[in-house]
Each structure stands twice: as structure tokens, then as C-alpha cells.
Amino acid sequence: MKSLQEIHELREEKRKELDLRVNTKADTREKHILVCHGTGCTSSKSPQILESFRKILKERNITNVRVIKTGCFGLCAKGPIVIIRPEDTFYSLVTPDDCEEIIEKHIINGERVERLLCKDIDGKLVNSLDELNFYKKQKRIALKNCGVVNPEEIDEYIAFDGYKALEKVLKEMSQDGVIDVIKESGLRGRGGAGFPTGKKWELTKASEGEQKYVVCNADEGDPGAFMDRSILEGDPHSVLEAMMIAGYAIGANKGYIYVRAEYPIAVQRLKIAINQARDYGILGENVFDTDFSFDVEIRLGAGAFVCGEETALLESIEGKRGQPRVKPPYPAQSGLWGKPTLINNVETYANIAQIILNGAKWYSSIGTESSKGTKVFALGGNVNNIGLVEVPMGTTLREIIYDIGGGIPNGREFKAAQTGGPSGGCIPKEHLDTPIDYESLKEIGSMMGSGGLIVMDDTKCMVCLAKFYLEFTVSESCGKCTPCRIGTKRMLEILERLCNGEGEELDIYKLEKLAVNIQESSICGLGQSAPNPVISTLKYFREEFRQHAIQKECRTLECKAMAKITIDEEKCKGCGLCQKHCPVNAIDGIGRDKRIINQEKCIKCGTCISTCPFHAIGN
Amino acid sequence: MEKEMINLTIDGQKVIVPKGTTILNAAKKAGIDIPTLCFLKDINEVGDCRMCIVEVEGRRGFATSCIQTVEEGMVVHTHTPNVLEARHVILDLIISNHAKDCLTCTRSGNCELQTLATKFNVLNIEFDGERTEHKIDDLSPSIVRDFNKCILCRRCVAACKNVQKIGAIDCINRGFESCISTVGDHSLNDVNCTFCGQCIEACPTGALHEKETINDVWVKLKDPDTTVIVQTAPAVRVALGEEFGMPIGTNVVGKMVTALKRLGFDKVFDTNTGADLTIMEEANEFVERFKKNDNLPMITSCSPGWVKYIEMNYPELLPHLSSCKSPHQMFGAILKTYYPKREGLDPSKIYVVSVMPCIAKKFERQRPEMKEDDLYDVDNVITTRELARMIKQANIEFEKLEDSNFDSPMGEASGAGAIFGTTGGVMEAALRTAQDTLTGEDLPKIDFEQVRGGEGIKRATINIAGKEINVVAASGLANAKTILEEIKSGKANYQFVEIMACPGGCIMGGGQPIKSSKIRAEVDVRKLRADAIYSIDERSIVRKSHENPVMKKLYADFLEKPGSEIAEKLLHTTYTKRKKYNI
Amino acid sequence: MNEEANNKKDNFIESLFEEYKPIKDNLIQMLNEVQEHYGYIPKDAQKALSEFLDIPMAEIYGVVTFYSRFTLKPKGKYNISVCLGTACYVKGSQKIMDRLKDRLQIEPGETTQDGLFSIEKTRCVGACGLAPVFTVNGEVYGKATVKKLDEVLDGILNKENS
């Protein structure tokens, strides 16, 4: 247990100690080697890198250097990432074998290890994080501490103003006062639909009931989105603090964090964070000597996308199949075990403490008219800088994809960007300059969703993409209501027909009819939005659908049934490179013979097309 | 307090209904019949199938009329083009995944899906595609599950899990693969099913039905060497008429007997007589146990679903069960012993058919305890529905039949026997006899209003011969569970407990005519059938079992006295602990 | 299942009963532990949970078959999962999956006859920077190609055959 006084002292002392983390001119002889421990870097051996650094430092008896594990830095494509502070040197694609050299050259001799420095898209060698184009247009609020603090040390969180907002709220603000600030800030739910957060808090507070609950939706299931996971991995305390603030505002003393069991690192760090907060007396009875008490429990999901839907999530916390409830009543009126319940997602919570500390005005000065603040996107697909980015609302897709993301690799053309995952839509080239906010995305047929942003180049077939999302929805539909259970299956069957060259023009009409009716009559958000990927691709790429349906033709290699890869005899020089690279030995010919593709063996992977130096192979 | 009233407009009509009314019910009040499929009043109100969607002005998406309630000033449209198209698509989708073998389906003509398809003029399936396939479970003696006809309305699950608190079936898998199943898709035979059949009553299609055994009856009826005797339960006569379009609660006993005779049964007897016999034994058992304070409360044992339930779930309470067989089993035992002796027949050439409102009786009949010298007490149990089918197959115009009487000598019954068919009836019948036995008088007060009515649990304290007797009548297995927990924890001090597995008693049994969701929403089926039963009792000359002359003669000639050695042998039984899951 | 495994199981389930209260809400948490411990949800565990939590087995079965993390059969010695999240899909993970199915002749969620391999599809393992990825018993293989997959499979087969 720590008294408030002790926490204040701790904060001051720690802040000084950690100044080098945020201040390149910090007055210190110490150095911190930060090693990213997000899931991405962990998958490519960052724990071994950390161990290796520690071992070498110990062997060499170096005492003024500390090795710190942090959350995600964002630029996952360049992982594993190591940053050395205070000078802010950014090393990318580090392996455990590189540690010796980094210590020897950088730490001992004070020289940069050039070969590990990151090259920016323009080919320039980057010395420090700030120089990277990737970071220049970003603004980090929700990700403020990610990559700065050690997520497993509450002291480091406290050093950077952690739990200061909670103290302010408990000591200086009324419940309504807190809600007013959140309302004025203009913060909207980051989980998908963008419901005003302050309004949600107000409604839950206004609901009658002795017992109320605060729930954190950390069931991020959108395939290809990992914002929430990164926040939990990099800054778990920010979520706990916000849940407590929400608990105070609505009058709840109990919180649940519903997190996917597939996120073991996030779960582990949350557990550590909860235990540390309990040890300090921050979570528990009479927080900071006030009447307010609060405790949090973790509930693990077990692999069902639909549980990201708030009422399905509640069912799952209650130990049942995650089948959504018909709304109204909304959780604010009747939630967990029928009690008024506030549900926000991780990223929404990650903004709360900052809003309380910096004020509603500060927050609402960022973003657009209707959408305030920043949004975190998981940038993926055919883009150079795959990773996690946080930008002010109103940033255009072009800025994200080209300025931050570094554009499309392999010299290909941009075809579409997908936002909102299985609930969202595809955005074509003509809308690249749309400033992104909740309304504008909706207008162009997509949605904000939780923040997945997948870029696709011109080798991608849009009918296949629609099929991909429908496959996802069909396998994740809970099966409760008819339109989603059977309707999405029928849509998928039609898309499969189209991709197999067995479709007909009438299929496009059927797709549209099903789509509209499923949207309108499904019970929950999953079903209501399941047709979106089809509707938006039909809107912008209708011609491609018609080619599939009528000409039985796919311009890409993705629809295998319709693809036939052939070698142009005229152009083939018999070099045999294609043969060498073919994974299934489907190319016949010896010596300087013109090569021929054995169509029975060919799996249409396209490897030969990209390896042919004479552009002799095509679909 | 006056309930707050809400004003709204539905399809241009002004409607005023109490706060909390659903849009569906408000529309009903305005004479607008919104189609439903998964909705089953008080049992399944979840809004899954989406047939009942309507448009509400100012609201995004459709409203779910079966569960969402009215709001002041609401403007509802129930048949806009959008709504109609959506309903049509939904119906199309449901049918696309449904086995469309209507011609060979037991529910043809009484299928809610078929009714809707007709109403919406579904002439072809626009969105055809893959169908989920399920193997048929017909291994149990009572229920056949054919989930190729299931439409995932989940009414059966609600009946099993929520109403009966059994949970033998539930929804498994997810998405298109979702289906209703037992654990591991094992047969109902091997899981915790009690065979109450409430799932069948809830099913809108032919996915759940009784294991039909009428072919065996036809064969025996045509066999000149077999004497085929039929007995009919008290609840059958007040429901059979419904299968022929007669109003619910019509007593068709006379027509029923005529029909049975026309079908070729050699003798037509009344299970009510068996019920009188049960009372003779059960009242005696109660009086003996009451005097000795032996394993009180004594709990009735004439509902076989209930017996299977306690054997599986509360084996430690089995000593509380009355050892009496159920009325048709007792009667069957007499028909295989006393009756052939008296008539000079070979017992092995007698085939006893029981017409029952119950499908658990199909299971009960073949319990090993239910036979004597290798002869089963009862050889076949058919349901009210199956009897109706037989009558139709035999080209009998039921509505036009003359009345006739049950055969003598086993055809006369008291009013006490008649009320066995409804919850509280066994208790009341037993009390009529027990109070006379305990006081040694012929008491005129025979109506025990406290144990009548539709509530699931009816508690009363009855004063007999200066002694207070705490009784309770519970129907529905969820209520049974409540009572058993009270007994187990020692919280309650009952002396006599009546339990029936089906909510409302045998008149609402799993073998009774199936009423559509629409009818169940509009009328109280239980009450109408129960009223008919009580009116039979009221009009009876003999209203106490022990005053039935048949009983007097039977005991004088054969059984000696209630609880005699021979009575114990033929009319009483034993129970065994039963595993819930044999998997 | 042999005797020893049976005993071991009973002990584990009992230890769960000490840790958790017999409240219905705990079902999914307890199933998660069972899945973690055995690699699947044995029937006896379902039975024991049914008794302990007073939940019918059909309902437990309904929950187990709802959540994709729970499996009713043991996984193979090598459980290979291919990420079919959008980021990996766009980078061609379907090709990896197709190849895997082709080589092992099983569908996702199934185990080979010899119990050596099982395959499953996952939605985003979080290594989008390495897309496309597949994992073998949790170990991540990034920037995967059909060729790389073949190498990994051959490596395992060689090891097992020698």
C-alpha cells in the first residue's frame, strides 16, 4: 500500500530518473536500451535480443546502461526494433547476434552501427525516430506511453503522470463534472460505430440501479487489426486508470476486461498491472483515501469475433454462448446480469486520462468538426511501412498510405484500401484524398471500424476480397438470427460461384437483394454490417463483378478456376528461370527449349510471372 | 394502481395499450396479425427469426415486434414494401435450408412454416443453396428428432431448458452450422431427457415428433386371435376433438368411444377407472405412511416423465415416491390378470393399447418393472394425436359420430378419476378418499379449490380429522425442482406432494394436439381443457374413487384390500437411480 | 485413454473446483483452463463441469462448439496454424493454407490419422509486419512462401522418420 504522498514522491523521483526516455538532451550518464516487446517483435525473437543485451552488459560489467522491454513502437515492418536513449537512435531488423556489435560500437565507442540504421522510403539513412517520415504526421495520444515505458512497471507509468487524472477526478471533480469534460471533448467510441462516449457515460449514470458495471471491450477480432492489443501490451495501466475514472463517473465499483485468450502477452501484462495497482492500493477499497472503491477482473474470450459486439460480449462474460441480444434495451439500461453497464473499447479508454489532464478544449482542438482527437490504425497489406499509426482525425488516406506508410511496394499501383474490416468497405483511388472521420468514411461506403486499414495493390481481385470477408462473417456468425445465419451463407455461395467462373448476371442482382435485406433485418451489428464489403466493392468495382459473372474472367490471378497461365513462345528465351522457381515443377522443357506450362500441375501461384525477366509469362 | 396507457398508431389505426405491451400485442388489439415463427408466448420471446419485423418511423432498421414494447406516439407500419420484401427473403432463406418433404411429414397441415409459405405465396426458392444435414434420432421409445426440418426457432430449447429446467437439447455450433442437438449428438435415450415431450408441443414444424406406433395397433386389430383392449386417459377426451376442428375444451368422450369401437377394438375401457384404482392404493398408502410418519412427504408417481426425472436427478429422494404404478399401468395389470380370468381369456392373447396425452408413457410401458410373468401390463401406448390419425385413416367422420358408452365391466369411473388429467387432480382425488378413510365418515366436502388452477405451484394446508396436512401440487419440472429442493433442504414441511411433469398436467401433455403459436397467444388452452375435465367431475354421480362400484367389486373378487399382497404385486412398483448421461 | 491419464485428469479438474466457485459465469474461464491443460475438452471434463456448475451437458457442449478456441479432439503433435487475417490474406496466406491442406490432406480443425499434424486457421497472430505468417506449435514463421512451408514440413517429417 502506498499513501498518496508516497505516490507523489515516487512520481517526482521516477520522472527525473526517466527523463532520458523523452528528452534527448537529458542530463545523465545513463543509457536505456529499449527493446520492443509487442507481439510482432516478440514473434521475431525480441526476448532473445533483450536477454543477449543483458548478458553482454553483465559480462562486461557495464552498469550505467539498462535494458528495458517496452510496448510497440509502431513500425512493425522493421522489427525487431531497438532504440537507444537519450540519443534516440533507431535500430531496425535487429537479431540477437547484433547485440555484441551494438554494445561494442554504440555504447562503448559512441559510434552508430550504420548497417542497422533504418532506411526511409526515400533511401535516406535515419538516425533517430523523429526523422522517420513514418512518425512525422502522427500524433500519439492513445499510444503516448507505448514504446516509452516498461508496461510491467507501474512506477514508470506513474512517472509519466500515471494515475494523476484519477487523483484529480476523485479529489476535485463531481461525477457530472467528469462526464461533462468527456462530453465536451467530443470523444467518440473507437470500437466502430462512434457513439459519443460522454453521452454513453451519462446514460449509464442516469440508469437506476444500485449495482453498475464498467466493462472494457478488448475482444479485438477484426482480422488484421491490432491497435487494442498494442495498447494493452504497451500501456495497460492507462486502461485501468480510465476504467476507474469511468467507474467513479457512473457510480460503479466493479469492472471487467474482456480480452481475447489469443492475446497471451496482453493478458499477462494486464494481470501484472492489476496486481501492481492492487499492491499500491490504487485498485481496491477507498482509493486515495476517498469513498470510492473499485476492482477489476479479467475475463478471457475464447475465439468468437461476434463477442466484440457489446451484448454478445456480456453474454460471454456471463458464461454463455456469445449470442447478441436485441437492442433496445441497451447495456446502459440493462447489461451484465441485467444491471446498467458501461462498455467502451480499449482505445477509447486510452484517451480518457489525457482528456482529464489536458482538458476538453485541448482534445477537441484536434480532429474534424464531428470527430475529435486521433485514431489509431493498423496499417497492413500492400504498403511499405506496415505497422501501427496514430493520426489526427481528418488526415487523408493518401497521407496515411503514402506519407506515413511509404506507398505501395514493388512498384505496383494502388487499387483500394479497406477500412473497418468485415464490417467496412473498400475505398478506391478516387477517394484517397477524403479526410478520414466517422462521417466521411460512412459517406464513401466504408466505416471507421476498430481501425484496420488494409492497402491493396492492382494484383488483388475485388470479388475475391468480398468473398474473403464473407467467408469470415459466415464462419463467425453466431447463428442466432435467420438473415445472418443463412443469408450470409447464400451470399458467400454466390461469390464462390462468381470466383469459380460459374456465376451469371442474375447473381449480382441476388447479391444486392440479399445484402440490403440482411443489413436491415439482422439483430446485431455483425449481421447488419456483414454485407458492407460486398456493397462497397459492387459500388466501386461493379465492372469487375460483371467480368466474373458474364465473361467468366478475372484480370488477376486470384480466381484460380478462371486463370490460365501461359508462356508467350515469341518472348520466351528458354532461360529456365521460371522452371527453377516453380514450386510444383509444373514447367516442362530442357536446355534452351521454350518452356511450356503443364496446366494440370499448375497451381497458379504466379511465381513464374514475377520471375520471368522477359515478361513472357501472363494470365 | 391504474397502469400507464400508451398511445400509438399502427398502420394508420390509433391504438391505446398499457405500458409494457409489445408491438405485436398492440397490433393484435388493432386486429393486425403480424406473422411470427420463433415466438411462443411466455416460453420463447427472443426475436431470432425476424419474421415479426416492422417499421417504426424515425428508427434505424426494423423493430422486433414480438419483444420490443410500445412507446408514446410511436408510428408503426407492419406491411411496407421494405418489410414485405425482408420477410419474403427471410422466409425464402429458412425454406432454402429446410427439408421440403411436406407430403410425407407428420405435421403437414399443422405446420407453422407451411402456413407462412402459403400466406406469403412462396412459389419458388430464390436463394437456394447448401443444406445442413442431420442424422435422424429415432432410438428413444418416445421422441424422434429430425433436424433436417428444424428452422432454428429454438422454441424446443426454451421449453426444455427454461420451462422444464432440463436442458437435454441446446443450440450447438455457430453460424450456418448451428443446430439443436444433445451433447455430442447422442440419442435422447442416452441423455437427461425425461420424455415429457414439451419440445414437440413447442415445435412449429416436423423436426420433433412422437415415435409413432400405430402400425402395430393396426396389425393387432386385424389379428383374429388377439383380443385388443383399448383404454383412454382422462385428458384425451377433452382434446381429441381439436384434431377434428372442434373447439378447444370440447368433451368428445362419447364420439371417441364410438370411434374406437369402429376402429375394431374388442373392448373400450376407461383409464379413469384405472385412476380410481390408483386412488384406492395411493390414498391407502398415504394414510399408512401418514400414520407412521414414514418417508413424508409422499410424492405421487403417476407421471412417468416426472418419475424419470427424480430417478436421474434426485435419487436420494426416491423413498418419498409413492410405490403406486400409474393408472394405465395398474389398469393394464388388471386387464392381464383379473379380467381374462373372469372372461375366460388367455392373457397372452390380450393386447392392451393405452391412448395417452403423454409420450413418456411410451417409455414407461416398456420399463422392466412393468411386466408380470413376461407379459407387459400395457402392450402399446399411442398419443391423442396418433389416435386422431387412426380415425382419419379409417375414413371415420368423427364429427358426425353418435355417442356411445365405455364397455362394462371396467368402464365406469368416478369424477375423481376424471380430474387426474389436470394439475392438482390426483391430489384432490386422493384427498377425497383419504379424508373418508381417516375420519371413517362420508364427508360431503369434496372440492379442494386450493389445489385447482393453472399456477405451477399450489400450496395448501388441509384439516382432516383434526390433523393439519400440508400439501402441494406442482406441475412442470422446473417447479418440481423447486419443491424437491425445499424438501431436500428441510425448508418445507409437506406431507403430500403431487407432481406432474407437464406444465398444467396431462391435459397439456406431450402427446396432445399441437396448438400453433398464434392460438397459444390468443387463448388459454390449459384452462379450456381443464374446465372440461372439472365439468366431467361435477356431472359425475360418483365422485369418490372408493365409492365406484367397479372398485368395490374388484377388491371383493380379486384384490382383497388396498395394499394386500396381490395388490402390491400387481399395482405397485419400484424405482432405481438412473444415470443422467450414458455417454 | 489409459489409466494414468485418467487419474491425472481427475486431479486437474478437482484443482479447478478448489480454485473456482460453482457459479455458472465461470464456465468459459474453466473451459479455457481445461483446453490449456489437455489441448482439448475431454468428455469427462464436460461431465464434471456439468455436475459442478449445475449446467446441463448440452449447454456446455453448446458453449464448447460455439467458441473456436475450444476443441473436442486432441490436436496433432505439430499444430500448424495459418493466419488468415486480412493483412496476411492480402499477402497471399491462402496459398499457404491451400498448400498445407493439399500436403496433409486434412481440413482446418482436423488432425492427421497418425496424430502428427493438425491444422487450423487463425485470425491475426499479431505479426502483420511479417505477413504472411504461419505458426508451428506457437513458433512464428514470417514472410512465408509455399516453398518455406514445404521446407518446414519436410524438416519435421525427416526428424520424425529418423
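Two residues count as being in contact if their C-beta atoms, placed from the backbone, lie within 7 Å. With that in hand, chain B of this predicted model is a handy place to start. Among its contacts between residues at least 6 apart in sequence, 74% join residues at least 24 apart. Buried residues make up 54% of the 583 residues in chain B. The overall dimensions fit in with this picture. A compact globule with 583 residues would have a radius of gyration near 25 Å, and chain B comes out at 25 Å, so the two agree. Laid along the principal axes, the C-alpha atoms of chain B fill a box of roughly 75 × 60 × 50 Å. As for secondary structure, chain B has 20 helices and 19 strands.

Chain B can also be looked at by domain. The assignment gives domain 1 (5–93), domain 2 (127–210) and domain 3 (214–571). Going by C-alpha atoms, the centres of domain 1 and domain 2 of chain B sit 28 Å apart. Where these two domains touch, domain 1 of chain B puts in nine residues and domain 2 of chain B puts in 10. On the domain 1 side of that contact, six residues are nonpolar, one is polar and two are charged.

Chain A, for its part, holds an open sheet of five strands. Reading across, the order is β12-β11-β15-β13-β14 in chain A, and the pairing is mixed. The edges belong to β12 (387–392) and β14 (425–428) of chain A; each has a single partner strand, so one side of each is left without a neighbour in the sheet. From one strand to the next, the twist averages 30°. Zooming in on one pair, β11(A) and β12(A) run antiparallel and are joined by six bridges. Within this pair, Phe377(A) stands opposite Val389(A), the latter in β12(A). A helix also comes into play here: α17 (residues 397–404) of chain A lies across β11, β12, β13 (414–419), β14 and β15 of chain A, and runs at about 135° to β12(A).

Some of these strands turn up again where chain A meets chain C. That contact takes 39 residues from chain A and 34 residues from chain C. On the chain A side, α3 (39–43), β9 (295–301), β11 (374–381) and β15 (452–457) each supply at least two residues. Sorted by class, the side of chain A that touches chain C has 15 nonpolar, 18 polar and six charged residues.

Chain C has an open sheet of its own to look at, built from four strands in the order β2-β1-β3-β4, again with mixed pairing. Here β2 (117–122) and β4 (139–141) of chain C stand at the edges, and because each has a single partner strand, one side of each is left without a neighbour in the sheet. The twist in this sheet averages 25° from one strand to the next. Strand β1 (residues 78–83) of chain C runs parallel to β2(C), and six bridges join the two. Across this pair, Asn79(C) stands opposite Ser118(C) in β2(C). Packed on the sheet is helix α6 (residues 93–104) of chain C, which touches β1, β2 and β3 (134–136) of chain C; the direction of α6 makes about 150° with that of β1(C).

Note on methods: Residues numbered from 1 in each chain as written. Chains lettered and ligands numbered in written order. Predicted model: local features only at pLDDT ≥ 70, side-chain atom pairs only at ≥ 80, totals over all residues. Nonpolar A, V, L, I, M, F, W, Y, C, P; charged D, E, K, R; others polar. Domains from an automatic or database assignment. Pairing = 2+ DSSP bridges. Axes fitted to C-alpha atoms, helices over the stretch in contact; angles between N-to-C directions. Rg over C-alpha atoms; globule rule 2.2 N^0.38 Å. Buried ≥ 20, exposed ≤ 12 C-beta atoms within 10 Å, placed from the backbone.
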